[in-house]
Structure formats: structure tokens, C-alpha cells
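The questions below concern a predicted model. Each is followed by a short answer.

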Amino acid sequence: MIEIAVKCRGLDGLHLTYQKPVLFEEIVKAVQPQAPYRIYGVRFCHQLRHMKETADQSGVLEVLDLRDPEGNMIYQSSLTFLYLKAIHDLFGSDADAIVKNSLSKGLFTTIRAKQLGRDTADRIEIRMQELADMALPITRIPETRENLLKKSDFRKDQKKLLETAPDLKELYLYRLGEQEELFYEPLVPDTSYLTLFEVRRYMNGFLLRFPHPSDPDDIPPFEEQKLLYEAFSEETHWNRLTGIEYASDLNTAVKEGKAQDLILLNEALHEKRIAEIASRIKEQGSRLILIAGPSSSGKTSFAKRLQIQLRVLGLKPLYLGTDDYYEERKNIPLKKDGTRDLEGLDALDLNLFNEQMDSLLSGKKTDIPVYDFVTGTKKFGTRITSIESSQPIIMEGLHCLNPDLTSGIQNDVKFRIYISPLTQINIDEHNRIPTTDARMLRRIVRDAQFRGESAAETMQRWPSVRAGEDRNIFPFCQEADVFFNSALIYELPVLKHYAEPQLREVTEDQAVYPEAVRMLRFLSFFEELKDDQAIPNNSIMREFIGGSILVH
């Protein structure tokens with residue numbers, strides 16, 4: 001007797017009983033009619049499993065849809081395989097696509113093929129749909145490192161990864177027709193699972209688009225993200241200059257003792273970029289500099305380094321934060337769970353904020369509040385100040401790019417900066433690194449270093465953090481005048497050194513254990529960098545690993 005307890009958000013208390021071992025796919029087919037969304041993967045007894053594997057004992061089965069990080073990656077990787085297959089079918093076996101980065105609710109890719117025309121995107125999408133309708137099997141083949149390295153047709157980028165990532169253990173080739181590819185998470189069993197996608201021509205490449213976790217049943221409307229596209233393009237240029245494009249390149253640099261040069265070069269690039277932004281601010285005569293970005297972007301370090309660069313140019317910026325403009329706690333609106341919504345724009349005293357910014361910019365003496373988070377009240381009388389007509393204000397905060405925050409201030413005095421770490425290094429040509437994973441690692445390390453919080457506590461809050469970003473930050477990133485990419489090309493080997501011990505402390509009885517396992521598997525692609533002495537004490541990375549002279 002095999003008893004299966006099914007776990008799924010929106011589906012509680014479902015238990016199934018089988019007299020003999022059963023394929024996970026069969027269980028999924030039994031559960032799917034009652035599940036809120038399409039299921040793309042499973043975890044059994046906390047372990048990610050392929051649907052063609054067998055449940056031969058009783059246990060808890062977690063079914064994964066697009067709302068789950070692993071379910072989302074399973075869908076993306078499976079869809080990428082279908083995309084590659086369609087390209088090969090249309091343009092020949094020599095044609096290929098390179099997955100670059102996430103963009104506009106999808107993956108930005110470039111295609112290497114002859115005879116690409118204006119109708120290429122439509123042709124690929126039609127062929128993908130044909131393949132999906134055929135319900136072709138996607139076969140998983142266990143492989144050893146040794147056998148893969150001996151294959152004459154094995155891609156150079158993947159071969160180099162296996163040579164430089166000894167922590168990478170379980171390896172599987174996937175086959176779709178005559179197409180073979182190495183992926184690092186279980187793919188869906190057949191192409192019939194892959195029904196939601198869109199292929200769109202964009203700039204010098206193609207977007208492979210799919211549903212967002214917030215709405216797993218629909219392709220989101222297309223939104224132009226020119227600023228992010230330009231940032232990724234710039235990062236690609238610098239990666240090529242350093243010779244670091246994939247995880248294997250980074251591993252080789254660490255092993256060969258080239259990490260120090262890489263660190264110094266990357267930090268010099270950051271300083272150059274911050275200096276360029278400061279020069280642009282001075283040239284435009286901007287008075288109110290608004291900085292926003294998602295969690296763990298390094299906003300505080302960036303803002304203080306920008307402050308220094310503005311001082312080099314002869315300006316005397318005043319540094320402020322929106323946190324001091326919270327409403328009295330009793331007036332902050334409640335969320336559905338009864339707690340105060342500290343992340344919503346309505347949590348801020350917008351009238352006071354706009355009045356005081358206008359007052360400061362007019363050269364008047366202004367009594368800037370200090371918010372007491374213990375009592376939930378603003379205190380006045382300790383920061384009465386005024387600024388000269390040439391002095392800019394640097395304002396950092398969650399809502400700084402939201403036009404409603406500064407609705408009472410003229411646009412011509414504002415300069416908006418969006419900051420986020422957009423990791424451009426990918427695992428290989430077809431397997432990308434989600435930028436949100438790098439941010440979560442930063443936060444795990446920072447919370448452990450400075451807040452005494454475990455990796456489990458940080459990961460438990462992460463979905464709420466991400467939901468807040470989706471509401472309050474990402475919709476406004478295109479409002480920015482400039483984008484600063486705070487990613488550091490060397491950071492994942494450094495974060496591995498700090499984060500791995502924290503992640504290994506997460507136990508099987510904790511709800512975030514599967515996420516810890518996923519992150520440990522992600523870190524297995526990288527060589528650990530233990531010696532971080534070369535990282536300058538004003539680096540954004542120091543905000544997370546410690547030793548910063550700018551924060552804490």
C-alpha cells in the first residue's frame with residue numbers, strides 16, 4: 001500500500017492510495033483536474049523528481065506550477081528545449097540559439113542561422129505549436145561526466161563547465177526527436193505540457209515569452225524595457241572584455257588565481273559608471289536624485305558612492321531616505337492579514353514629503369523628521385536644515401521611481417536612477433542564471449552577517465519581498481533616466497563561500513528546505529572563492545559580506 005499526501009497551494013487535504021508503485025506523472029494526471037494551475041514538476045519527500053520516475057513508497061508529493069521557483073524553471077528550460085528544436089527543424093542542425101537574459105517577461109535570445117527573415121519569429125512560434133500538438137516525448141538519459149566529456153559532438157561551453165565544476169553531480173541528457181541537450185533540472189515528460197508561449201522579434205534578437213508566476217495562465221502584455229536591454233548589452237560587452245561569459249570561465253579564473261584582477265577590473269568599472277552618472281547629474285543641474293531598486297541591489301552603497309562622486313565635482317549633496325516619511329503607525333493601512341502595509345505607497349506621508357522637498361529646493365529652513373520605528377511616530381526638531389541653490393538632494397527609497405511619490409515637484413529638477421544586479425553570466429549557452437537568485441544569495445549572506453537571521457528565515461520572507469517588488473518597483477523601472485547594474489562578475493564564487501554553510505543548516509522539517517536544496521544545487525556550478533581580501537572596502541559586495549566603510 002502506497003499512500004501519497006498531495007501538497008499544492010490552493011489544494012489542501014488530498015490523499016491518494018495505490019496498491020503498487022506508480023509513476024509521478026500518473027499521480028499528476030489524477031491531481032491536475034483539481035489543481036488551480038497546470039503542473040510542470042514534482043517534489044517527493046523534499047527531492048525534485050522527474051515525472052517519469054516512480055513513487056515506490058508512501059510520502060508527501062508537492063506538485064509544482066509556475067508559482068513555484070522550481071516549477072517556473074522547469075517550464076522555462078523545457079520551453080527553451082522546444083524553442084531549440086523548432087530552430088533546428090526550420091534552419092538546420094547547424095543553427096543554434098543563445099539564451100542571454102530575462103527581459104520583458106521572457107528570455108532574450110540571439111539566433112545563429114542563415115536566411116533569417118522578417119517572419120522568423122512567426123515561423124518559430126508556429127513550429128513550436130506544431131511540436132507541442134504532437135505530444136512528442138522528452139526523454140531523460142542519465143549520463144556520467146566521463147561519458148559526456150568523451151562525446152565528440154558535445155558543446156564546448158558545456159564540456160568546459162563539467163571540467164571546472166566538480167560539485168556538479170547528477171547529469172542528464174534530454175532527447176527530443178534527434179535533438180539532445182544537457183539541462184540541470186527535470187524537464188516535462190512531453191511537448192504537450194508546453195502550450196503557453198510567444199516568440200517575438202526584438203532589437204537584434206528574439207524574445208521567448210511565457211506566463212509570469214503572478215498569472216500562470218496567460219502571456220502578459222508586452223512591455224518595452226529598453227533601459228534594461230541597454231544595461232544587459234553593456235554588461236555583455238564588459239564580460240567579453242574580461243573573457244567571462246559563462247560559469248566555466250569564472251571557475252577557470254578562480255582556479256588560475258586571476259580573481260584579484262577580475263575584482264579590481266569590475267570595481268573600476270563600477271566606479272567609472274558612478275562617476276559618469278554624477279557628471280550627467282551636474283550637467284543637467286538636477287536637484288532631486290531619486291534612487292530605487294529591488295531588495296539586495298546595493299542601493300545604500302551606491303547612493304553613498306554617488307554622493308562622493310558629486311562632491312568630487314564640487315557639489316554638496318544632502319542624503320535622505322523615504323523611511324523617515326512614514327505615516328504614524330496607527331494611520332498606515334492594513335493588509336488582508338491584519339498587519340500594517342509598510343511597503344505600500346500609502347504608508348508614506350506624501351503631503352509632508354512633497355511640502356518638505358519643495359521647501360528644501362526653495363532654500364527654506366526645513367524641519368526634516370526622524371522616524372522612530374519603535375514608537376511608530378515621526379520626531380521633529382533634530383534635523384532642521386536648508387540647502388543652497390546648487391545643492392542636490394539624494395533620496396533613496398522603495399517608491400522613488402513612482403511618479404505619485406513626487407507628484408508635487410516639477411519634473412525638470414528630478415533625476416531618477418534604477419539600480420539592480422542583472423547577472424549576465426550564464427551557466428552555458430542554453431541555461432541561464434535567474435537574477436533573483438543572485439539577489440536572494442546576497443540577502444541570505446547579509447541577514448546572517450548583520451541581522452542574526454538564518455537562511456531559512458530569509459527565504460521564508462522572500463516570496464513576500466518579491467511580491468512587494470512586483471507591485472512597487474518593477475512597474476516603474478522605465479521611469480528611470482539611467483540604470484545602474486550593481487552585479488559584480490566575481491560575486492557568485494564569493495557568495496558561495498558565505499551562503500553554503502547557511503543553506504546547509506536548513507533542515508528537512510522546515511518549509512523552505514526544498515528552496516535551500518535548489519540554491520545549493522545552483523551554487524554547485526561555481527568554484528568557491530574563499531579569499532576576498534582584494535574586494536575594496538567601499539565595494540557594493542561589502543554591504544553583504546561585511547567590511548564596508550559605507551554601511552553598517
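**Sheet, pocket and a loop serine**

Q: How many bridges join strand 13 to strand 14?
A: Strand 14 covers residues 205-209, and strands 13 and 14 run antiparallel. One of the paired residues is Glu-198, whose bridge partner in strand 14 is Arg-209. The number of bridges joining strand 13 to strand 14 is five.

Q: Which strands stand at the edges of the open sheet formed by four strands?
A: The order in this sheet is 8-9-14-13, with antiparallel pairing. An edge strand here has a single partner strand, so one of its sides is left without a neighbour in the sheet. This applies to strand 8 (96-102) and strand 13 (198-202).

Q: By how many degrees are neighbouring strands of this sheet turned against each other on average?
A: The sheet is open and its strands pair antiparallel. With direction ignored, the average turn between neighbouring strands is 30 degrees.

Q: Which helix lies across strand 8, strand 9, strand 13 and strand 14?
A: Helix 6 (residues 226-242) packs on the sheet and touches strand 8, strand 9 and strand 13, its direction making about 115 degrees with that of strand 8. The helix across strand 8, strand 9 (106-112), strand 13 and strand 14 runs at about 145 degrees to strand 8 and spans residues 69-91. That is helix 2.

Q: Which helix supplies the largest share of the lining of the second largest pocket?
A: This pocket holds about 1,300 Å³ of space. Its lining has 43 residues, and the closest to its centre are Asp-323, Tyr-326, Glu-343, Leu-398 and Arg-443. Helix 9 (299-312), strand 16 (318-321), helix 11 (435-450) and helix 12 (455-472) each supply at least two lining residues. The largest share, eight residues, comes from helix 12.

Q: Which residue in strand 21 is the bridge partner of Leu-320?
A: Strand 16 and strand 21 (residues 393-396) run parallel and are joined by four bridges. Along strand 16, Leu-318 and Leu-320 point to one face and are buried, while Tyr-319 and Gly-321 point to the other and are not. The partner of Leu-320 in strand 21 is Met-395.

Q: Is Ser-486 buried or exposed?
A: Ser-486 lies in the loop between strand 23 (482-485) and helix 13 (491-504). Beyond its neighbours within four places in sequence, its contacts include His-270, Ile-419, Arg-442 and Ile-540. Its side chain also reaches the backbone oxygen of Ser-297 at 2.6 Å. Because its relative accessibility is 0%, Ser-486 counts as buried.

Note on methods
Residues numbered from 1 in each chain as written. Predicted model: local features only at pLDDT ≥ 70, side-chain atom pairs only at ≥ 80, totals over all residues. Heavy atoms only, no water. Buried < 20%, exposed > 50% of the residue type's maximum accessible area, 1.4 Å probe, protein only. Polar contact = N/O pair within 3.5 Å; in protein donor to acceptor, adjacent residues only side chain to side chain. Contact = heavy atoms within 4.5 Å. Pairing = 2+ DSSP bridges. Axes fitted to C-alpha atoms, helices over the stretch in contact; angles between N-to-C directions. 1 Å grid on protein atoms, 1.4 Å probe; cavity = no way out; pocket = protein on both sides within 12 Å on 5 of 7 lines; lining within 4 Å. Points joined across faces, edges and corners; volume = space filled by probe spheres on them.
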